[in-house]
Amino acid sequence: MLIKFSEQTVDKFYIPSFILTKGDIIIIQLPGGPYFRPVELKMIDILTGKQYNDLIEINTPLKYVEHIAEKSFWHRFFPMTVGGYLDKYANKSNPVCNMIYNTKWIMPKTKIQTLAGTPRRQLSLYATLSWTDKIIFDLAGVDPQGGQQIYNFVKTVVQSGGSAILFDYTDEFKDDCTRFIKAKYLGEDQ
């Protein structure tokens, strides 16, 4: 058992209990629209152990696949490249970090700001997987075909002994996971 999550309410949403073990991929369907990101961020903090919660038992921490954002003034004049990102955020001794180069047009000197949603998300995913095979991810900013590619890749990692939690607002992969959990809205905004 990696994580034991007891049922609880998070930001007016009821989340049923679940247990994540090695080889599991759990999908937690959150509401779309303005509710999705705040609830997702709070759940990520809980599941990664950043926010203490006495209703959750974490035996092995998960790592969230962060979104790549270049917000600093410095990056306007010196944009980060794919190679620079991997040097900074990936475990270079793990070959999974170089899988981004399987896309023919992506090179180490390719500027991240030129990447669309899917390759940008794949870059972050590969960098995270170079450190651990126990992850939390989402498919925000990814097109449907890219979402399918990323999900299938994560599924192969999970089948090789990893574990994953996917936050999504659709039920596209409902029948292709270990457990599908749907958050239920409990009340109106005040």
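Let me start with strand β5, residues 25-29, which is mostly covered, since five of its five residues are buried. Please keep in mind throughout that what we are looking at is a predicted model. Within β5, the residues I25, I27 and Q29 point one way, while I26 and I28 point the other way, and all of them are buried. As background to that pattern, side chains in a regular strand alternate between the two faces of the sheet.

Which strands does β5 pair with? On one hand, β5 is joined to β9 by five bridges, and the two run parallel, with I27 standing opposite L166 of β9. On the other hand, β5 pairs with β10, again in the parallel sense, over four bridges, and here the bridge partner of I28 is I181 in β10.

If we now step back to the sheet as a whole, we find an open sheet of five strands, in the order β7-β8-β9-β5-β10, with parallel pairing. The edge strands, each of which pairs on one side only, are β7, residues 63-64, and β10, residues 179-182. Moving along the sheet, strand β8, which covers residues 134-138, is joined by five bridges to strand β9, residues 163-168, and these two run parallel. In that pairing D138 stands opposite F167 in β9. Helix α4, residues 117-129, packs on this sheet, where the helix touches β7 and β8, and its direction makes about 165° with that of β8.

That brings me to the nonpolar cores. The largest one has 35 residues, and those touching the most other members are L86, L123, F137 and V154. Several elements, namely β5, α3 (82-89), α4, β8, α5 (144-159) and β9, each supply at least two residues of this core, and α5 gives the most, with six residues. To make this more concrete, take L86: leaving aside residues up to four places away in sequence, L86 touches K92, C97, N98, I100, Y101, L123 and A127.

There is also a second, separate core, this one of 25 residues, which includes I15, I46, I165 and I181. You will remember I181 as the bridge partner of I28. I would like to dwell for a moment on I15, which lies in strand β3, residues 13-15. Is I15 buried or exposed? I15 counts as buried, because its relative accessibility is 0%, and the cut-off for buried is under 20%. Again setting aside residues up to four places away in sequence, I15 touches F5, E7, Q8, V10, L30, M43 and A183. As for the distance between I15 and L86, which are 71 residues apart along the chain, their C-alpha atoms are separated by 35 Å.

Let me turn to the aromatic residues, where a search of the whole structure finds six aromatic pairs. In one of these, the rings of F13 and Y185 have their centres 5.0 Å apart and their planes at 45°, so the pair is tilted. This pair links distant parts of the chain, with F13 in strand β3 and Y185 in strand β11, residues 184-185, the two being 172 residues apart. Their surroundings can be described as follows: F13 is buried, with a relative accessible area of 2%, whereas Y185, at 32% relative accessibility, counts as partly exposed.

Another pair is formed by F36 and Y169, whose ring centres are 5.9 Å apart and whose planes stand at 85°, so the pair is edge-to-face. This pair, too, links distant parts of the chain, since F36 sits in helix α1, residues 36-47, and Y169 in the loop between β9 and β10, 133 residues apart. Here F36 counts as buried at 10% relative accessibility, while Y169, at 52%, counts as exposed.

Finally, a word on the cysteines. How many disulfides are there? The count comes to zero disulfides, where the rule asks for a pair of cysteine sulfur atoms within 2.5 Å. Two cysteines can still be placed by their burial: C97, which we met as a contact of L86, counts as buried at 0% relative accessibility, and C177 is buried as well, with a relative accessible area of 19%. For C177 the label follows because the cut-off for buried is under 20%, and its value is 19%.

Technical notes:
Residues numbered from 1 in each chain as written. Predicted model: local features only at pLDDT ≥ 70, side-chain atom pairs only at ≥ 80, totals over all residues. Heavy atoms only, no water. Buried < 20%, exposed > 50% of the residue type's maximum accessible area, 1.4 Å probe, protein only. Contact = heavy atoms within 4.5 Å. Pairing = 2+ DSSP bridges. Axes fitted to C-alpha atoms, helices over the stretch in contact; angles between N-to-C directions. Phe/Tyr/Trp six-rings, centres within 6.5 Å; stacked < 30°, edge-to-face > 60°. Core = buried A, V, L, I, M, F, W, Y, C linked by side-chain atoms within 4.5 Å.
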